[in-house]
Amino acid sequence: TFNGPVFRHSDGWISRFVENKLVNSTFIGTSGTDWIQNVFVNKQGEVVVVGVLKEWQELPVSHKFSEEKLDTNGNACMVRLSPELDKILSVTVLGPSWYLNSAMDDDGNIYIAGTTPSEKFPVSEGAYKTTFNGGKETWAGDVFVCKLSPKGDELLWSSYLGGSKDESNPVMSLDNENNVVVFLNTTSE
């Protein structure tokens, strides 16, 4: 069923076609404003959805790396669905965010770049940048980059990436050695 508000940024939907025939389709979202950013299919045929979900606590959360919930932002989430799109296999919650972009490597690990206004976004020990550097806009703040295991049960690494002002709209990709390449907008000097 449709859960979202009836306006921009409500529920997303995912459909699977085989030989020009619709075989599976489902809504994905919460009662809040949601943004589905990327969809991947892993080697097991599971559908992996990366997006920002406003009311993530409405879903059966399996792995939570942050308890923080801001009124102005949703949280970066990874949702794994069965190949038939008939059940949620896991839901991973990262932390408050806005714009997201993601990639999947050949092993099924998920890399996510996004913006966060959170000073408490989960970062890993020894990361490039472990502290929030600034930004005042709810849709911007610092960019973060992280890597999740295929099931979303491990945050393999995570780092802030930003200057003293706002960063936004990260676009990312992986090179042939799975190094992360990130392009973003910044107002920092």
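Which residues form one aromatic cluster? W35, W98 and Y99 do so, in a model that is predicted rather than experimental, in which local features need pLDDT of at least 70 and side-chain atom pairs count only at pLDDT 80 or more, while totals for chains, interfaces and linings use all residues. Residues are numbered from 1 along each chain as its sequence is written, and side-chain values use heavy atoms, with hydrogens and water left out.

Aromatic pairs were assigned where the ring centres of Phe, Tyr and Trp (for Trp, its six-membered ring) lie within 6.5 Å, with planes under 30 degrees apart counted as stacked, over 60 as edge-to-face and the rest as tilted. By this rule, six aromatic pairs were found. One of them joins F2 and F27 in an edge-to-face arrangement, with 5.6 Å from centre to centre and 75° between the planes. Because F2 lies in the segment before β1 (12–18) and F27 in strand β2 (residues 21–28), this pair ties together parts that are 25 residues apart in sequence; strands here are DSSP runs (E, at least two residues), numbered from the N terminus. Both rings retain some accessibility, where buried means under 20% relative accessible area, exposed over 50% and partly exposed in between (1.4 Å probe, protein chains only): F2 is partly exposed at 38%, and F27 is partly exposed at 40%.

Within the cluster, W35 and W98 form a tilted pair, with their centres 5.1 Å apart and an angle of 50° between the planes. This pair links distant parts of the chain, since W35 belongs to strand β3 (residues 34–41) and W98 to the loop between β7 (88–97) and β8 (100–104), 63 residues apart. W35 is buried, with a relative accessible area of 13%, whereas W98 is partly exposed at 23%.

F2 and F27 also contribute, together with W13, to a nonpolar surface patch of about 350 Å². Patches are made of residues with over 30% relative accessible area and no salt bridge, like charges being joined within 9 Å and nonpolar side chains (Val, Leu, Ile, Met, Phe, Trp, Tyr) within 5 Å, and the areas come from the Shrake-Rupley method with a 1.4 Å probe, only the protein chains shown counting as cover for residues. W13, which is found in strand β1, is exposed, with a relative accessible area of 59%.

The strand arrangement was examined next, two strands being taken to pair if DSSP finds at least two bridges between them. Five strands form an open sheet of mixed pairing in the order β3-β4-β6-β7-β5, in which β3 and β5 are the edge strands, each pairing on one side only. The pairing of β5 with β7 is parallel and extends over two bridges, and H63 has T92, in β7, as its bridge partner.

N75 is located in strand β6 (residues 74–81) and is buried, at 0% relative accessibility. Contact was defined as heavy atoms within 4.5 Å; with residues up to four places away in sequence not counted, N75 touches G51, V52, L53, W56, E68, K69, V93, G95, P96 and S97. The C-alpha atoms of N75 and T92, which are 17 residues apart along the chain, are separated by 9.9 Å.

Salt bridges were assigned where a side-chain nitrogen of Lys or Arg lies within 4 Å of a carboxyl oxygen of Asp or Glu, and a search of the whole structure finds three of them. E46 and R80 meet through their side chains at an N to O distance of 3.2 Å, linking the loop between β3 and β4 (47–53), which holds E46, to strand β6, which holds R80, across 34 residues of sequence. Both members of this bridge are buried, E46 at 14% relative accessibility and R80 at 7%. In a further salt bridge, the closest N and O atoms of E55 and K69 are 3.4 Å apart, and here E55 in the loop between β4 and β5 (63–64) is linked to K69 in the loop between β5 and β6, 14 residues apart. E55 is buried, with a relative accessible area of 19%, while K69, also among the contacts of N75, is partly exposed at 34%. The side chains of K64 and E67 likewise meet in a salt bridge, at 3.5 Å from N to O; K64 is partly exposed at 39%, and E67 is exposed at 61%.

Methods. Helices (H or I, at least four residues) and strands (E, at least two) are DSSP runs, numbered from the N terminus.
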